[in-house]
Amino acid sequence: MKRFSRFDLRQRYNLALLMTLAIASYLLILCLYLAIKSYANEYTSHYWQEHTGIFADSIQYSVTMGAKARSEAIANNFANDKNVLKAAIYTSQQNLLATAGKAGKTIDCNKGQQSFGQPFFIEASDYWCFYEPVYQDSPAGAFEQKLAGAQASNYLGYVELVVSKAEMTGLLQQILTVSGLIVGLILVVIYFVVRRFSGNFTEPMVEMVAVLKNVAQGIPGGRVSFTGAPDIVSMGDTFNEMLARIEINEQILAQKIEDRTFELKTALDRSEAANDYKTHIIATVSHEMKTPLHAISAYLELIHNNLPEGTDYDLSRDFHRRAMTRAGELNELIGNILLHGKLNANKVDVVPASLTLQTLINECVDKITPILERNRNSIKLLGQNVSIISDAEVVKHIINNLLSNAGKFTLAGDIKVNWWKEQSVLVLKVTDTGCGIPQQFHQKIFDSFWQVDMSMTREYGGTGLGLAITKQFVDLLDGEISVSSTVGKGSVFTVRIPSQSS
Ligand code: ADP
């Protein structure tokens, strides 16, 4: 089967056809041979049966008379035929009266105890043995005997004629050889005719495949040229037209891609320039806002501290306090915007150092104590005594943010901070029993300026930048951050930070 797969379509077609024709011819010759053989066998044996009958008739007189010499002369006469191997005459007691045959041929027909009431013959592969009984009144049969007084005729003996099949077999072999030659010749003629016609179908295909291979390799300009039948020529023209159209479409497509790429590049350059400009403006404006804001805060604090004692100034004191709080929030927002811009521009460097987590977290908890007290939350620190190599400011920023969010979004609840090391990775979990975050926003909360409910800004404060910055810091340390939360039950933020090599 593997060998067959090496052939191309045309060779396969020719081979299959040739094999089919050969098998069909072989079967035809076989059937013909068997039919002829059977007919020849039948015909020849019938002929020799008749001949044996004549032999039996001719020796009737000499057997009756017991004339041995005459019997032998008759047997010799029959044995002279080139096909007869042996001619023998037996008496009614099965004694051999006379025999003649080809020299050196001893043939035993193995007739056994066959009855000789009727003629019969035994067939071997190379010869037949024919037997015919000899009656006194023979060839008169039973009818004549009936007429003569229903007396059975006298059984005198029998004759044996052994006939060779060599002539018939030779003739059959000649027939077989000649018919084989004729069929072989016809096969060769058919093969060449079919080969010529099959070429008309397969050659265009082979040519088309060669051209298509070039197309697949991106080599343009390949065409076919078919000659012969009009429909084949028309097929070639259609194929060439199709190729030409594909090439034109490819050119159009390539041009479109080039134009579009150019447009996109221009748009990208413009957008990058605009983005740089925007970042620059935001950074500059934010930076410029910081100085007057500090001055405003300082003046507000000064006025607030110098307001006279007494209830008459309570309202003024309250307004100043609120104004100071808002100025503080604005300062924080500006700080976050500047930090966000720096992180976006990759301008924050990581300075690795050995950090003891307990110390770091204590500092963060101190910082958010006012928020915890304001919202009546309790905090539990459940970490282990571990240390890692990382940037202290960055890690602190991450923890501060998660803790302040937990404190902000939990009222009269519990906050737990848990940390441990898994190989060289610090795992930190901040769990709260606060308002929780709906499932569909678990990824969104890490986007810049995004809050679950924008109206919460007023209720809880915040800018929607905290988690975006936290994520940027975690990424900066090659870490991961994830959240799991149930609305109304609370949230768990998990951070994994790999220890840096010092
Ligand atoms: P914000 O400055 O508003 O806190 P963040 O980026 O830190 O901004 O958080 C984005 C939003 O994610 C918050 O506005 C809040 O809706 C939600 N969120 C963050 N942390 C928690 C938390 N621990 N519990 C409930 N909601 C939270």
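## The cavity and its lining

Helix 10 is the biggest contributor to the lining of the largest cavity, giving 3 residues. Keep in mind that this is a predicted model. Helix 10 spans 392-408, and it shares the job with strand 10 (425-432) and strand 12 (490-498): each of these elements supplies at least two lining residues.

How many cavities of 30 Å³ or more does the structure hold? Just 1, and the volume of the largest cavity comes out at about 30 Å³. If you want to find the spot on screen, pick out L357, V395, I398, I399, L426, L428, V495 and I497, which line the largest cavity. By class, that lining has 8 nonpolar residues, with no polar and no charged ones.

## The sheet

Next, the strands. An open sheet is built from 5 strands, in the order 7-9-10-12-11, and its pairing is mixed. Strand 7 (378-381) and strand 11 (480-486) sit at the edges, each pairing on one side only. On average, neighbouring strands in this sheet are turned by 15 degrees against each other, ignoring direction.

Strand 10 and strand 12, which appear in this sheet order, also each give at least two residues to the lining of the largest cavity.

At the strand 7 edge, the partner is strand 9 (residues 414-422): the two run parallel and are joined by 4 bridges. What is the bridge partner of I379 in strand 9? Look for I415.

## A helix across the strands

Helix 12 covers residues 466-476 and lies across strand 11 and strand 12. Relative to strand 11, helix 12 runs at about 140 degrees. Strand 11 is one of the edge strands of the sheet, while strand 12 sits between strands 10 and 11 in the sheet order.

## Helix 6 against helix 7

Now to a helix pair. Two packed helices are described by the angle between their axes and the distance between those axes. Helix 6 (residues 166-216) packs with helix 7 (residues 230-306) at an angle of about 5 degrees, and their axes are 11 Å apart. Because of that angle, helix 6 counts as roughly parallel to helix 7.

Which residues make the contact? On the helix 6 side they are N200, P204, M208, V211, L212 and V215. Helix 7 answers with I232, M235, F239 and L243. Sorted by class, the contact between these helices has 9 nonpolar residues and 1 polar one, with no charged residues.

Conventions
Residues are numbered from 1 along each chain as its sequence is written. This is a predicted model: local features need pLDDT of at least 70, side-chain atom pairs count only at pLDDT 80 or more; totals for chains, interfaces and linings use all residues. Side-chain values use heavy atoms; hydrogens and water are left out. On a 1 Å grid over the protein atoms alone, a cavity is a set of points where a 1.4 Å probe fits but cannot get out, and a pocket is an open set with protein on both sides within 12 Å along at least five of seven lines; lining residues have an atom within 4 Å of a point. Grid points are joined across faces, edges and corners, and a volume is the space filled by probe spheres set on the points. Ala, Val, Leu, Ile, Met, Phe, Trp, Tyr, Cys and Pro count as nonpolar, Asp, Glu, Lys and Arg as charged, and the others, Gly among them, as polar. Two strands pair if DSSP finds at least two bridges between them. Axes are lines fitted to C-alpha atoms, for helices over the stretch in contact, and angles run from 0 to 180 degrees between N-to-C directions. Contact means heavy atoms within 4.5 Å. Angles under 35 degrees count as roughly parallel, over 145 as roughly antiparallel, 65 to 115 as roughly perpendicular and the rest as oblique.
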